[in-house]
Amino acid sequence: MKNVKSTLFFASICLITFTGCTSKVQKTIENIKLGIKTETTTSAKYAAFSQKASAEGLDMIAKLFDAVSKSEAIHASNHVAVLKSYKLEMVHFVPKFNVRSTAENLQEAIDGETYEVDTMYPMFLQDAKSKRIKGVTIESLTWAYGTEKKHVAVFKKALEALKTKTEYNLPFEYLVCPVCGNTFDSANEPEICELCGTNKELFIKTK
């Protein structure tokens, strides 16, 4: 009887500990799931936007959307790895979005990236840090946050070029860091990625 009581007591302590830990990170887990959904949808959307730009004869903008699509896919993959670190899986979903003119698509991209930079990722990071969560969770969120800042800038530049009919002056080749998704134009290729330290020889070239 004594052994039974000891076993039940130990099991109760384990359950309380597990429940407490799960409760602590529950909001962060929900944030990571939202991040996966956002980045996966954005990646698929930008791939479609790239095709639309190409169909409109806007090859430089098509290349930009293609590069950023790859970047967003890396962010989604990193977030999925975070979720798996909590022994969880993402529920399957089908990305939904609309494709309009390239000018409209660029504005939508600017609006979406701006939201991620000004609201979504700062909120996610604040929540995780307030719970003293570290490791791959903070790493994945920080990498995405840093990259999205650059995406806002390049999309704004592309939209301005489209309005002024100087699209041909935009970069003709982009590089994407395979680890964190950081994005560069080939004319400004660094020796290493400033976000994660990956060597330039590993960068993915998009043409």
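Colleague: Where is the place of Lys 45?
Modeller: This is a predicted model. Look at residues 2-55, which form one helix. Lys 45 lies in that helix, α1.

Colleague: Is Lys 45 buried or exposed?
Modeller: The relative accessible area of Lys 45 is 13%. Buried means under 20%. Lys 45 is therefore buried.

Colleague: Which residues does Lys 45 touch, not counting those up to four places away in sequence?
Modeller: Take Phe 97 to begin with. Lys 45 and Phe 97 are 52 residues apart in sequence, yet 6.4 Å apart in space, C-alpha to C-alpha. Leaving out residues up to four places away, Lys 45 touches Phe 97 and Glu 108.

Colleague: Over which residues does pLDDT stay under 50?
Modeller: The mean pLDDT of the protein chain is 91. Of its residues, 89% reach 70 or more. One stretch stays under 50, and there the model has 0 contacts beyond four places in sequence. That stretch is residues 1-20.

Colleague: In what order do the 3 strands of the open sheet lie?
Modeller: The pairing in this sheet is antiparallel. Its edge strands, each pairing on one side only, are β2 (183-185) and β3 (204-206). On average, neighbouring strands are turned by 25° against each other, direction ignored. The order is β2-β1-β3.

Colleague: Which residue in β3 is the bridge partner of Tyr 174?
Modeller: Strand β1 covers residues 174-176. It runs antiparallel to β3, and 3 bridges join the two. The partner of Tyr 174 in β3 is Thr 206.

Colleague: Which helix packs on the sheet?
Modeller: The helix in question touches β1, β2 and β3. Its direction makes about 5° with that of β1. It spans residues 59-85 and is α2.

Colleague: Are α2 and α3 roughly parallel or roughly antiparallel to each other?
Modeller: Helix α3 covers residues 102-130. The axes of α2 and α3 come within 13 Å and cross at roughly 30°. Angles under 35 degrees count as roughly parallel. So α2 and α3 are roughly parallel.

Colleague: Is the crossing of α2 and α3 left-handed or right-handed?
Modeller: The contacts come from both helices. From α2, residues including Ile 61, Phe 65 and Val 68 take part. They belong to a set that meets α3 residues, among them Thr 102, Leu 106 and Tyr 121. The crossing of α2 and α3 is left-handed.

Methods:
Residues numbered from 1 in each chain as written. Predicted model: local features only at pLDDT ≥ 70, side-chain atom pairs only at ≥ 80, totals over all residues. Heavy atoms only, no water. Helix = DSSP H or I, 4+ residues; strand = E, 2+ residues; numbered from the N terminus. Buried < 20%, exposed > 50% of the residue type's maximum accessible area, 1.4 Å probe, protein only. Contact = heavy atoms within 4.5 Å. pLDDT = per-residue confidence, 0-100. Pairing = 2+ DSSP bridges. Axes fitted to C-alpha atoms, helices over the stretch in contact; angles between N-to-C directions. Parallel < 35°, antiparallel > 145°, perpendicular 65-115°, else oblique. Left-handed = near helix turned anticlockwise from the far one by under 90°.
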